[in-house]
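Reader: I am new to this structure and would love a close look at a single part of it. Could you pick one region and walk me through its contacts?

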Amino acid sequence: LYESSQTQTRLLGVVAVLNDITSHKQIEKLKDEFVSIVSHELRTPLTAIKGYTQHLMRRIERRLRGASQALPANAIADLPESYDLRSLNIVQSQTDHLERLVNDLLDLSRVQWGELHLQYSSFYLADVLAECVRQAQISAEEHTIYLDIASQDSKIVADKLRVGQIVGNILDNAIKFSPQGKQVTVKLQEQGNEYQVSVNDEGIGVSPEFFDHIFERFYRVRNATSRQYSGIGMGLYVAKAIVEAHGGRIWLSSHQGTGSTFYFTLPRVPRTSTLPAP
């Protein structure tokens, strides 16, 4: 505060405004703990559903292999077991989707409190992309999902399960916001010491004013076009956290009405700054 009656202003004092956010932080922590408990409770039945589904699929596959020795190939597709196997594949794909959702819920608190840990191993990134595309295509029969591998060698040292989580979340998003019959393309490219993965869709697109918020926790674009789509705005937030934990980057380009392309990069080997302390 300054005295205004004098020719030369003289400092009279300072006004400090303090907000006690302790209760807000406590509420946030309780909310994260609640989400974590619920997620763990969901995981148990999901594990059982997934296990029994895989067991049934293996039994039906054995029956079909036995039938293939006695029947022509075109007759196998008309067997009731073939229809059952396709149905179980859809159940399996949807279970994987729910499992990613539960993992995202668990990761919310981990990201919030800086406890997102990576388990590094060596694998081929192209294999992970192919499996993610295969699983997504099973449950998205009305879409066509292409995989474009523009890299000769895709060997990488990263967290394999987490990388699958990134791709799965972005693919789910692309499929969700694309009209039936449209195409989604997943592309892998080499760029120096890192790989770039892009997921392109032909959906409703995103306006530029939402670009800065699209990766925020629980953020959903709110306009007349997006209201018909479900979701809680969590997948891209978690995907961004995992990419950055690897030392990579994630961004998007989009034009409303013509589709979006999400990009992310991953280093071939972990950078020193991203490795966990011994």
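Author: Happily; here is a walk around strand E7 and the residues that meet it. Please keep in mind that this is a predicted model, in which local features need pLDDT of at least 70 and side-chain atom pairs count only at pLDDT 80 or more, while totals for chains, interfaces and linings use all residues. Residues are numbered from 1 along each chain as its sequence is written, and side-chain values use heavy atoms, with hydrogens and water left out.

Let us start just ahead of the strand. Asn-193 sits in the loop between strand E6 (183-191) and E7; helices (H or I, at least four residues) and strands (E, at least two) are DSSP runs, numbered from the N terminus. With a relative accessible area of 67%, Asn-193 is exposed. Here buried means under 20% relative accessible area, exposed over 50%, and partly exposed in between (1.4 Å probe, protein chains only). Pro-267 is 74 residues away from Asn-193 along the chain, yet their C-alpha atoms are separated by 6.0 Å.

Next comes Glu-194, which lies in strand E7 and is buried, at a relative accessible area of 12%. Its side chain meets that of Arg-249 in a salt bridge (3.3 Å, N to O), a term for a side-chain nitrogen of Lys or Arg within 4 Å of a carboxyl oxygen of Asp or Glu. Arg-249 belongs to the loop between helix H6 (235-245) and strand E8 (250-255), so this pair ties together parts that are 55 residues apart in sequence. Arg-249 itself is partly exposed, at 43% relative accessibility.

Now look at Tyr-195, in strand E7 (residues 194-200). Tyr-195 is buried, with a relative accessible area of 0%. Its C-alpha atom and that of Phe-264 are separated by 8.3 Å, though the two residues are 69 apart along the chain. The side chain of Tyr-195 also makes a polar contact with the side chain of Arg-268 (2.9 Å). A polar contact is a pair of N or O atoms within 3.5 Å; within protein, one must be able to donate a hydrogen and the other to accept it, and residues adjacent in sequence count only if both atoms are side-chain atoms.

Arg-268 has another partner: a salt bridge joins it to Glu-190, with the closest N and O atoms 2.3 Å apart. Because Arg-268 lies in the segment after E9 and Glu-190 in strand E6, the pair ties together parts that are 78 residues apart in sequence. Glu-190 is partly exposed, at 36% relative accessibility.
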